[in-house]
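Work through the following exercises with the sequence and the coordinates at hand. Each task is followed by a stepwise solution.

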Amino acid sequence: PVLDTEDAWVSVEGPVSIVELALEQKRIHYPLVEHQFVLCTIMYAIMRFSLKSVKPLSLFDSKGKNAFFKDLTSIQLLPSGDMDPNVLSIRQQFLLKVVSAAVQTLCSSQKAKEVSEEELFPFEKGKNWPTLAVDLALYLQISEDVVKRHYVCELYSYGMDHLGEE
């Protein structure tokens, strides 16, 4: 980008401006940052719902695991469209666990105190975990319909028929 500066600022002496420092930085490889974001979201879901026996790195193939330990400015080989069926199965089971845990948490708290979702998850305002699981399904190459169907089944099984119908 071209930065236009006024003549008065050209003669100023002192440390380099933060804008100039930012422009000198190497460009990041956005797909690698997105890959890191998926891992962070997975780990947050594991922590938020206290999911036992879930190993976050087992949700990724060898290329995906290696990419986590590289510099964000390097261009890495990320997982391609061809995935091991075992990894896909583990990913699907994980997403279904997240949806089940979210529905269970929401329904048990609403039945106990008639608490709204915003009061239940005060720091997660506007975060709909089942929707987040569907978004993760896109990144993890899992069919969105499987996650949505599981969500509806969970709502019906907890007696939230009005939400299931929607």
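**Exercise 1.** Leaving aside its neighbours within four places in sequence, with which residues is Thr41 in contact?

Solution. The model is predicted, so local features need pLDDT of at least 70, side-chain atom pairs count only at pLDDT 80 or more, and totals for chains, interfaces and linings use all residues. Residues are numbered from 1 along each chain as its sequence is written, and side-chain values use heavy atoms, with hydrogens and water left out.
- Step 1. Locate the residue: Thr41 is part of helix α3, residues 30-48. Helices are DSSP runs of H or I with at least four residues, strands are runs of E with at least two, and both are numbered from the N terminus.
- Step 2. Apply the contact criterion, heavy atoms within 4.5 Å. With neighbours within four places in sequence set aside, Thr41 contacts Leu132 and Leu136.
- Step 3. Check the partners: Leu132 and Leu136 are among the buried residues of helix α7 (residues 129-139). Buried means under 20% relative accessible area, exposed over 50%, and partly exposed in between, with a 1.4 Å probe and protein chains only.
- Step 4. Classify Thr41: its relative accessibility is 9%, so Thr41 counts as buried.
- Step 5. Look for a polar contact, a pair of N or O atoms within 3.5 Å; within protein, one must be able to donate a hydrogen and the other to accept it, and residues adjacent in sequence count only if both atoms are side-chain atoms. A polar side-chain atom of Thr41 lies 2.9 Å from the backbone oxygen of Phe37.

**Exercise 2.** State how many helices and strands the protein has, and how much of it is buried.

Solution.
- Step 1. Count the elements: the protein has 9 helices and 0 strands.
- Step 2. Take the buried fraction: 31% of the 166 residues are buried.
- Step 3. Consider contacts between residues at least 6 apart in sequence: 69% of these join residues at least 24 apart.

**Exercise 3.** Describe the largest nonpolar core and the residues in it that touch the most other members.

Solution.
- Step 1. Fix the term: a nonpolar core is a set of buried Ala, Val, Leu, Ile, Met, Phe, Trp, Tyr and Cys residues joined through side-chain atoms within 4.5 Å.
- Step 2. The largest such core has 30 residues, and those touching the most other members are Ile42, Leu51, Phe60, Phe94, Leu95, Val98 and Leu140.
- Step 3. Assign the members to elements: α3, α5, α7 and α8 each give two or more residues to this core. The largest share, 8 residues, comes from α5.
- Step 4. Expand one of these residues: beyond four places in sequence, the contacts of Phe60 include Ile42 and Leu140, along with Val38, Leu39 and Val87.

**Exercise 4.** How many salt bridges does a search of the whole structure find?

Solution.
- Step 1. The criterion is a side-chain nitrogen of Lys or Arg within 4 Å of a carboxyl oxygen of Asp or Glu.
- Step 2. The search finds 1 salt bridge. Glu144 and Lys148 form a salt bridge, with the closest N and O atoms 4.0 Å apart.
- Step 3. Both residues lie in helix α8 (residues 144-157), 4 residues apart, which is about one turn of the helix.
- Step 4. Glu144 is partly exposed at 28% relative accessibility, and Lys148 is partly exposed at 40%.

**Exercise 5.** Is His150 buried or exposed, and which backbone oxygen does its side chain reach?

Solution.
- Step 1. His150 lies in helix α8.
- Step 2. The relative accessible area of His150 is 19%, so this residue is buried.
- Step 3. The His150 side chain reaches the backbone oxygen of Leu96 at 3.3 Å.
- Step 4. Beyond four places in sequence, His150 is in contact with Leu96, Val99 and Ser100.

**Exercise 6.** Give the phi values of Ser50 and Gln141, and place both residues.

Solution.
- Step 1. Most residues other than glycine have a negative phi.
- Step 2. Ser50 has a positive phi, near 50 degrees. Ser50 sits in the loop between α3 and α4 and is partly exposed, with a relative accessible area of 48%.
- Step 3. Gln141 has a positive phi of about 60 degrees although it is not a glycine. Gln141 is found in the loop between α7 and α8 and is partly exposed at 34%.
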